[in-house]
Amino acid sequence: MILNENEVTLDDLQNGYYIYQPTDGFRFGVDAVLLSHFANVKPKEKVLDMGTGTGIIPILLAALTKGEHFTGLEIQKKSVEIARCSVSYNKLEDRIDIVEGDIKNASEIFGREYFNVVVSNPPYMISQHGLRNREDSKYIARHEVLCNLEDIAREASGVLKTRGRMYMIHRPFRLAEIIVTFAKYNLEVKKIRFVHSYVDKEPLMVMIEAVKYANSGVTIEKPLIIYERKGEYTDEIKEIYK
C-alpha cells in the first residue's frame with residue numbers, strides 16, 4: 001500500500017523506529033508509551049496487542065524487549081493498512097504481524113493458549129458515555145462500540161497460555177469492574193500501578209498486570225507521577241521518554 005502523504009504523518013519515535021499516523025484520526029498518546037514500559041516481555045515470548053490501532057505498542061515493545069514475536073490485532077481496515085506500512089518501513093516484518101480481525105474472535109483467529117503475553121490499551125468509556133466524536137476512528141478507539149471489557153478479558157484468557165500475563169492500562173473509575181471481570185475468566189490481578197498527572201492529584205490512569213490461573217494476592221506499586229511541575233516531566237517520565 002502507498003500512503004497519501006496528506007493523510008498521514010511519519011513520526012520519529014526516538015528509538016530508531018518511526019510510525020505512520022493519520023493526520024485527522026486517532027494518534028497514540030502517553031498511555032501507549034507507559035503500557036509498553038509496564039509490560040514485562042521476556043526473551044522468546046510471543047505477544048498479542050489487542051486493538052493495536054496503528055501498531056504503536058508492538059513497535060515500542062520490539063524496541064524495548066527481546067520478545068520473539070509481536071502480533072497486533074485491529075478491526076479497522078485503515079488502521080491495519082497504516083500499521084503494516086510502519087512495520088514495513090522499520091523492516092520489522094520478521095518480528096511483527098498486523099492482523100485484521102475482531103477482538104471478540106481472537107481465540108478463533110489464533111487458537112487457544114498460543115501467546116505468553118497479551119497487552120491492551122482498550123476503549124476506556126462505555127459506548128454512551130461522553131459526547132460522540134465526529135471522527136469515527138477516534139470514537140471507536142475511546143468508546144466500547146465494537147468490543148467491551150468482558151470481550152477483552154474472555155479472549156485474552158482464551159489465547160493466553162497457563163501462567164501467561166495480561167497487561168492493560170485503563171481508567172481508575174473502572175478498576176473494580178476490571179478486577180471482577182478478569183477474575184471471571186481466571187485472570188488474577190497481581191500488580192496495580194496508578195498514574196497521576198501531579199503528586200497531589202487524583203490518578204488519571206491505572207496499569208494492571210494479571211496472570212492466568214495465578215493464586216490470589218496483589219501488589220500496589222508506587223504511583224507514577226508525570227509532571228514535577230507545570231511543563232516539566234518527573235525524572236521517571238524523562239527516563240521513559242529518553
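Student: How do you know that helix α1 and helix α2 are oblique to each other?

Tutor: In this predicted model, helix α1, residues 30–38, and helix α2, residues 56–64, pack at an angle of about 40°, with their axes 9 Å apart. Angles under 35 degrees count as roughly parallel and those from 65 to 115 as roughly perpendicular, with the rest, short of roughly antiparallel at over 145, called oblique; α1 and α2 are therefore oblique to each other. As for handedness, α1 passes α2 in a right-handed crossing.

Student: Which residues of α1 and α2 meet, and what makes up the contact in terms of nonpolar, polar and charged residues?

Tutor: From α1 come Ala32, Val33, Leu35, Ser36 and His37, and these meet Ile56, Ile57, Leu60, Leu61 and Leu64 of α2. Sorted by kind, the residues of this contact comprise eight nonpolar and two polar, with no charged residue among them.

Student: Why is Ile57 called buried?

Tutor: Ile57, which lies in helix α2, has a relative accessibility of 4%, and since buried means under 20%, Ile57 counts as buried. Leaving out residues up to four places away in sequence, Ile57 touches Ala32, Leu35, Ser36, Asp49, Val119 and Asn121.

Student: How do you know that Pro58 is buried as well?

Tutor: The same cut-off of under 20% applies, and Pro58, at 2% relative accessibility, therefore counts as buried. Pro58 is also found in helix α2, and, its neighbours within four places in sequence set aside, Pro58 is in contact with Asp49, Thr52, Phe70, Gly72 and Ile96. Although Pro58 and Ala83 are 25 residues apart in sequence, their C-alpha atoms are 9.7 Å apart in space.

Student: What makes α2 as a whole mostly covered?

Tutor: Seven of the nine residues of α2 are buried, and these are Ile56, Ile57, Pro58, Ile59, Leu60, Leu61 and Ala62. For the chain, by comparison, 50% of its 242 residues count as buried.

Student: Which residues of the largest nonpolar core touch the most other members, and which element gives the most to this core?

Tutor: This core has 35 residues, of which Leu34, Leu61, Ile96 and Val119 touch the most other members. Elements that each supply at least two residues include α1, α3, β5 and β6, while α2 gives the most, with six residues. Within α2, Leu61 is in contact with Ser36, Ala39, Val41, Val47, Phe70 and Val119, not counting neighbours within four places in sequence. Apart from this core lies another, of 27 residues, with Ile103, Phe115, Val118 and Met166 among them.

Student: Why is Glu113 called partly exposed and not buried?

Tutor: Glu113 has a relative accessible area of 43%, and because buried means under 20% and exposed means over 50%, this value falls in between and Glu113 is partly exposed. The place of Glu113 is in the loop between α4, residues 106–110, and β6.

Student: What is notable about the phi of Glu113, and what is the phi of Arg163?

Tutor: Most residues other than glycine have a negative phi. Glu113, however, is a residue other than glycine whose phi is positive, near 55°, and Arg163, also not a glycine, has a positive phi of about 70°. Arg163 has its place in strand β9, one of the 15 strands that, together with eight helices, form the secondary structure of the chain.

Key: Residues are numbered from 1 along each chain as its sequence is written. This is a predicted model: local features need pLDDT of at least 70, side-chain atom pairs count only at pLDDT 80 or more; totals for chains, interfaces and linings use all residues. Side-chain values use heavy atoms; hydrogens and water are left out. Axes are lines fitted to C-alpha atoms, for helices over the stretch in contact, and angles run from 0 to 180 degrees between N-to-C directions. Helices (H or I, at least four residues) and strands (E, at least two) are DSSP runs, numbered from the N terminus. A crossing is left-handed if the near helix is turned anticlockwise from the far one by less than a right angle, and right-handed if clockwise. Contact means heavy atoms within 4.5 Å. Ala, Val, Leu, Ile, Met, Phe, Trp, Tyr, Cys and Pro count as nonpolar, Asp, Glu, Lys and Arg as charged, and the others, Gly among them, as polar. A nonpolar core is a set of buried Ala, Val, Leu, Ile, Met, Phe, Trp, Tyr and Cys residues joined through side-chain atoms within 4.5 Å. Buried means under 20% relative accessible area, exposed over 50%, partly exposed in between (1.4 Å probe, protein chains only).
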